Amino acid sequence: MERVEAFVSRIIEGWSARLFGAKLQPVQIAKRLIRAMEGHQTISLSKTFVPNSYVVSLSPSDFAQFEQYRKSLERDLAEAVLGAARERSFTLLAYPSVEIERAEDIAPGDMRVSCALVDMSGEEVEADAKALGAVESGHTMVLDREALLKDRPRAPKAMIEQRDASPVRLGPDPLLIGRDPQNDVVLDDRRVSRKHAEIRLRLGRYTLYDLQSTNGTYVNGRRVAEKVLDDGDKISVGGLELVFRSAD
């Protein structure tokens, strides 16, 4: 369980800065998703199947706090579910998906999670041993632990170039940028927020996220909340320039 907790924290950690002050934090949603997954296991032949399609219902006020970043958060939550399935040696019918929706009957700070088993074609599969036994013995592709580990995406070779400092290599872990000395890229300038921006690997591409900084984050002269980076992109943080370089 500790390894799963650490994995979830690593995947979701950047959202705490982006959503500072929010009553409901993404790590709480991730943990609820994993509990839902663990609570809906179906054992069939030699495999343990768990849901791969999730819907998270939030109160209108909580939904509003997440709405700007909803698609990115949904992808991160799906990755957290995928990592937990790997750790538990669970089997999925397809890669997980998470949808966040607004619900008028949910109180602030609370949530409702519904889940289902959905195959590669998008069809829901009944969660019973007989139905899943037919899937397992047939030709339908399933994602067991071996397949999930084999298909784990490789981190592309990339780096951040900065003036008067050595380049910083990117990898599977988030790269934090800001004035705080604990960041991976430290920019000692009053125009830079303590935790200004971060770069995360998502779906095989590096994506830059602004962490609600005071002076904003710019890519090639345009202010962005998030941006998938391309080779040569010029990132401006508090007026200081960084350059994204990709070797892939």
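Reader: What makes up the accessible surface of the protein, and how much of it belongs to carbon and sulfur atoms?
Author: The accessible surface comes to about 12,900 Å², of which 47% belongs to carbon and sulfur atoms; such areas come from the Shrake-Rupley method with a 1.4 Å probe, and for residues only the protein chains shown count as cover. This is a predicted model, in which local features need pLDDT of at least 70 and side-chain atom pairs count only at pLDDT 80 or more, while totals for chains, interfaces and linings use all residues. Residues are numbered from 1 along each chain as its sequence is written, and side-chain values use heavy atoms, with hydrogens and water left out.

Reader: Why is strand β12 called mostly covered?
Author: A residue is buried if its relative accessible area is under 20%, exposed if over 50%, and partly exposed in between (1.4 Å probe, protein chains only); in β12, residues 205-210, 5 of the 6 residues are buried, so the strand is called mostly covered.

Reader: How do you know that β12 pairs with strand β11 and with strand β15?
Author: Two strands pair if DSSP finds at least two bridges between them. Because 6 bridges join β12 to β11 (residues 197-202), these two antiparallel strands pair, with D210 in β12 as the bridge partner of A197. Likewise, 3 bridges join β12 to β15 (residues 226-228), also antiparallel, so this pair meets the criterion; there, T207 has V228 as its bridge partner.

Reader: What makes β8 and β14 edge strands?
Author: In the open sheet ordered β8-β7-β17-β16-β13-β14, with antiparallel pairing, β8 (165-169) and β14 (222-224) each pair on one side only. Strand β14 pairs with β13 (residues 217-219) over 3 bridges, and Y218 stands opposite R223.

How values were computed: Helices (H or I, at least four residues) and strands (E, at least two) are DSSP runs, numbered from the N terminus.
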